[in-house]
Amino acid sequence: MAPTVQCLEAATVATVGKGGAVPVVGQAPEKKMQCSNLLDADEFRRQGHQVIDFISDYYGGMGDYPVHPSVTPGFLRNLLPAEAPCRPEPDAFGSALKDVRDIILPGMTHWQSPRHFAHFPASSSTIGALGEALTAGINVVPFTWAASPAAAELEMVVVDWLGKALHLPERLLFAGGGGGTILGTSCEAILCALVAARDKKLAEIGENRICDLVVYCSDQTHFAFRKAARIAGIQRDHCRAIHTCHEDMFALSPTELQAAMQADVDAGLVPLFLCATIGTTQTTAVDPIGELCAVTAPHGVWVHVDAAYAGSALVCPEFTHMIDGVEAVDSFSMNAHKWLLANNDCCVMWVKKPSALVAALGTEQEYILKDAASEGHDVVDYKDWNMTLTRRFRALKMWLVLRCYGVHGLRDHIRSHVRMAVEFEDMVRADERFEVVTERTFALVCFRIRPVDKFGGQKTANDLNRALLEQVNAVTSGPYMSSANVGGMFMLRCAVGSTLTEQHHVAHGWKVVQDQASVILGKMEIIHTLCSK
């Protein structure tokens, strides 16, 4: 690390001179910054090659890193200076890249590691990464059609391309009177849909009844929905998280939803919004979309489908039955950056009636945003479809991914991970010490050590599995897994999804799990034997 440059000497002395000027003693004359090379093409090419080589070496050496670092809070702050340099050091960019390699990367959780099974993937691809670079290099701000006409229209093309690839109904596409936009995350999509639903409902019943609005989800719905409800002004106790059960694989019950809505109506409240999920975070539960829409329809409830993770799987025809009844929903969102090779960030949201979004989120055109070329034309100004004015040209990256890999290439990518998850599931089932807790629907396997009566049965099962997860993740060259706690059961999660993951990584991860389970169960056997004497 280069030392911090001191901009002012410690003993600066100022005296008042003639005419009120304040000469500063001990400070060198300020040199004017030369800005001519800030976007110099040759310098960009030279440093760009450095970055490409760096990233290539990173992927090539991914196996040398433990997936999750063994660091303590504050480790990086103690290694870096407390202040930014006033002037760059010689070859500042090369020095900074060295610090990335030597200081920052060792403290990272490596989401692209082939042994990362803890979370749903943040999928990467060559085209996705280069699309990000191209987007950053062009660096436009397409808040209106006029601000960047090609960017706005490419986004319209891409959301229809992707919607068709995912087998979404035409009524959600521009081609069918709906439309879509590309946001950063599903959190944004849920909030935008909720605000649109809120304003639409209040226009019908009166704005003074906002405190009567009620929203619905399951107890497995992502916390982003409850956060969005609070931001949208829904009272905390008017967010109904409906209980799910193991017998239904933790999917939202239409019967329970109907009872909750009727109880609210009887109490004089107004059902507003349902957030259904395709592929919940903990176990990838699938809510029955068609049946839920039949329940909500009499109450005029806006139905949003959050398919952040599993939406990518819809590119494969064999998964489309998961969204039976989707024709009736009002909005649908998925994260292409999770499993569809689009690199962070890329959430796509489709709506049946874009006018509802524009009514809630649109703004009066400032003079500076108007353009004569768009007057009299039905153009899309994407600033009116989301919360922000400044937005990224994400459509370029998604367009490149679709164009360069094709729909069939994306299907192959999804299917390869599902096949590996099936193999992992088969290995778990083949070991009588373990059980698969929930049905494997996509590429997530939820499993645990079976409760053992002589070791305390259900009472100690959760503690045994917590210990197992801790031991598995402590193996430096081993897999990195996570946990779920659903229905009172603590289970391990193995989510296959890294672009670099191959079958041997999955097999090795399972061997680590087996080895660590043998150690834990062996210790329990010794304790049981001693206590039985």
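In which sense do strand S10 (residues 434-436) and S11 pair, and over how many bridges? They pair in the antiparallel sense, over three bridges. The legends below start from this pair in a predicted model and then move on to the helices.

**View 1. S10 meets S11.** This close-up follows the antiparallel pairing of S10 with S11. Two facing residues are good places to begin. Phe 434 stands opposite Ile 449 of S11, and Val 436 has Phe 447 of S11 as its bridge partner.

**View 2. S11 meets S13.** Here S11 is seen with strand S13 (residues 489-495), and these two strands pair in the antiparallel sense over four bridges. To find your way, look for Cys 446, whose bridge partner in S13 is Arg 493.

**View 3. The whole sheet.** Step back a little, and four strands can be followed in the order S10-S11-S13-S12, forming an open sheet with antiparallel pairing. S10 and strand S12 (482-486) stand at the edges with a single partner strand each, so one side of each has no neighbour in the sheet. From one strand to the next, the twist averages 40°.

**View 4. Strand S11 and its two faces.** Is S11 enclosed or open to the outside? Six of the six residues of S11 (residues 444-449) are buried, so this strand is largely enclosed by the rest of the structure. In a regular strand, side chains alternate between the two faces of the sheet. In S11, Leu 444, Cys 446 and Arg 448 lie on one side, and Val 445, Phe 447 and Ile 449 lie on the other. Both faces are covered, and the residues on both sides are all buried.

**View 5. Helix H13 across the strands.** Helix H13 (residues 503-532) lies across S10 and S11. Compare its direction with that of S11: H13 runs at about 15° to this strand.

**View 6. Helix H12 against H13.** Now follow H13 to another partner, helix H12 (residues 458-474), which packs against H13 at an angle of about 135°, with the axes 9 Å apart. That angle makes H12 oblique to H13. The crossing of these two helices is right-handed. On the H12 side, the contact is made by Leu 464, Ala 467, Leu 468, Gln 471 and Val 472. H13 brings Val 512, Val 513, Gln 516, Ala 517, Ile 520 and Met 524. By class, the contact residues of H12 and H13 are nine nonpolar, two polar and no charged.

**View 7. A closer look at Gln 516.** Is Gln 516 buried or exposed? This residue of helix H13 has a relative accessible area of 16%, which is under 20%, so Gln 516 counts as buried. Leaving aside residues up to four places away in sequence, Gln 516 touches Leu 468, Gln 471, Val 472 and Val 475.

**View 8. Helices H1 and H2.** The last view turns to another helix pair. In helix H2 (residues 92-104), the buried residues include Gly 94, Ser 95, Leu 97, Asp 99 and Ile 103. Helix H1 (41-60) is part of what covers the buried residues of H2. H1 and H2 pack at an angle of about 10°, with their axes 11 Å apart, and are therefore roughly parallel to each other. Where they meet, H1 offers Gln 47, Gln 50, Val 51 and Phe 54, while H2 offers Phe 93, Gly 94, Leu 97, Val 100 and Arg 101. Sorted by class, the contact of H1 with H2 has five nonpolar, three polar and one charged residues.

Notes: Residues are numbered from 1 along each chain as its sequence is written. This is a predicted model: local features need pLDDT of at least 70, side-chain atom pairs count only at pLDDT 80 or more; totals for chains, interfaces and linings use all residues. Side-chain values use heavy atoms; hydrogens and water are left out. Buried means under 20% relative accessible area, exposed over 50%, partly exposed in between (1.4 Å probe, protein chains only). Two strands pair if DSSP finds at least two bridges between them. Axes are lines fitted to C-alpha atoms, for helices over the stretch in contact, and angles run from 0 to 180 degrees between N-to-C directions. Contact means heavy atoms within 4.5 Å. Angles under 35 degrees count as roughly parallel, over 145 as roughly antiparallel, 65 to 115 as roughly perpendicular and the rest as oblique. A crossing is left-handed if the near helix is turned anticlockwise from the far one by less than a right angle, and right-handed if clockwise. Ala, Val, Leu, Ile, Met, Phe, Trp, Tyr, Cys and Pro count as nonpolar, Asp, Glu, Lys and Arg as charged, and the others, Gly among them, as polar.
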